[in-house]
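Biologist: I would like to go through this protein with you. Could you start with how its strands are put together?

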Amino acid sequence: MSAQGSDHARVAVIGSGPLAAEVVRNLGLVGVPAAVHRADDFWRALRLADLQDCYCAVAAGIPAGARQRLNALCQVAATDLVCVATGAHGITVETFPFGSDPGCACMECDVPVDDGDVASPVPDPIASSIAGALAAAAALHCSSEGARRLYAPEVNEASTLVPLARRNDCRACASPWRAPRVIRTRNRWTARDFLAAEAPTLAGQRVRLSDAIVTACDCAGCGPVAALTSLVNRPAAEAAAIPACPDCGADSVRIEARDTFSLGELTERFGRGPVPAKFALAEIGGVAVCFDLEAAARDPGSRA
Ligand SMILES: [Zn+2]
Ligand SMILES: [Zn+2]
């Protein structure tokens, strides 16, 4: 893991620039240890169980795609989320207290103005310093009010605090994403270990994986190609990184991937090994359940 002090971290900071460094520095001033993860790596490195041990996750100036994934992960973990960004419109600090307010808005319920990459009105190091302090303060007091957006347009103008309301048709905070009952599993999908005596009734249960999985991969020109076939049952993100067919070199790789499977199907596909996903979500008897698939993924000795 790339994180610093991750074993005792109370806040997970996602980001790698000066803004993330300022968040960590300000948390350090009050003695709160933080683990830092890069935006392109946190999904793999930050386990659901470790995030659940944190008060809060802070997205520090990371791209929208990574922010959306963190928004989903924090809702499953029921861990508070703070998003901080600096840009042409000033400093924005958004707070989502998923840990204490199960009905609060999520990051995607009310998306703020996109600053893009336009330069900040104040010099970047100063904007980062102010934003880092505001985000650290928000991380420590996340649960005291509902979801909200603090907006500091310029250093010499008044800031505003806007309450954020949950949007009924928001896909990103629909059940079962929101605070499911988390069950740690061994991530072994044989009938004996996972489905046990209830196998016949559970086999038809639908689950949604945290990561889309490749179900078919070939070349439109060559047909089946061994290097492509080997991507079946791997995360779709791995297959998406293949630029061209390894046999003919053409841009003709066909990928089928999905994130929803029945338990029976997972047993068939992964009976001999772990599912390459962080977790699986299901509605069982009207209850949202999350199977944490990382529980046994790491040697327990490595956390000493
Ligand atoms: Zn939402
Ligand atoms: Zn080909």
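Modeller: One term is needed beforehand: two strands pair if DSSP finds at least two bridges between them. In this predicted model, β4 and β5 pair in the antiparallel sense over seven bridges.

Biologist: What joins β4 to β5?

Modeller: A hairpin through two residues makes that connection. G87 stands opposite G90 of β5.

Biologist: And how many bridges join β5 to β6?

Modeller: Five bridges link β5 (residues 90-96) with β6 (residues 148-152), and the two run antiparallel. Among the partners, T92 is bridged to Y151 in β6, while V93 is bridged to L150.

Biologist: Is β5 buried or exposed, then?

Modeller: Seven of the seven residues of β5 are buried, so the strand is largely enclosed by the rest of the structure. For the protein as a whole, buried residues make up 37% of the 304 residues.

Biologist: What is the strand order of the sheet?

Modeller: The sheet is open and has seven strands in the order β2-β1-β3-β4-β5-β6-β7, with mixed pairing. β2 (34-37) and β7 (160-163) stand at the edges with a single partner strand each, so one side of each is left without a neighbour in the sheet. On average, neighbouring strands of this sheet are turned by 15° against each other, direction ignored.

Biologist: Changing topic to helices: which strands does α5 lie across?

Modeller: Helix α5 (residues 124-140) lies across β1 (11-14), β3 (56-60), β4 (80-87), β5 and β6. The helix runs at about 165° to β4.

Biologist: Lastly, how many helices and strands are there in the protein?

Modeller: The protein has ten helices and twelve strands.

Notes
Residues numbered from 1 in each chain as written. Chains lettered and ligands numbered in written order. Predicted model: local features only at pLDDT ≥ 70, side-chain atom pairs only at ≥ 80, totals over all residues. Helix = DSSP H or I, 4+ residues; strand = E, 2+ residues; numbered from the N terminus. Axes fitted to C-alpha atoms, helices over the stretch in contact; angles between N-to-C directions. Contact = placed C-beta atoms within 7 Å. Buried ≥ 20, exposed ≤ 12 C-beta atoms within 10 Å, placed from the backbone.
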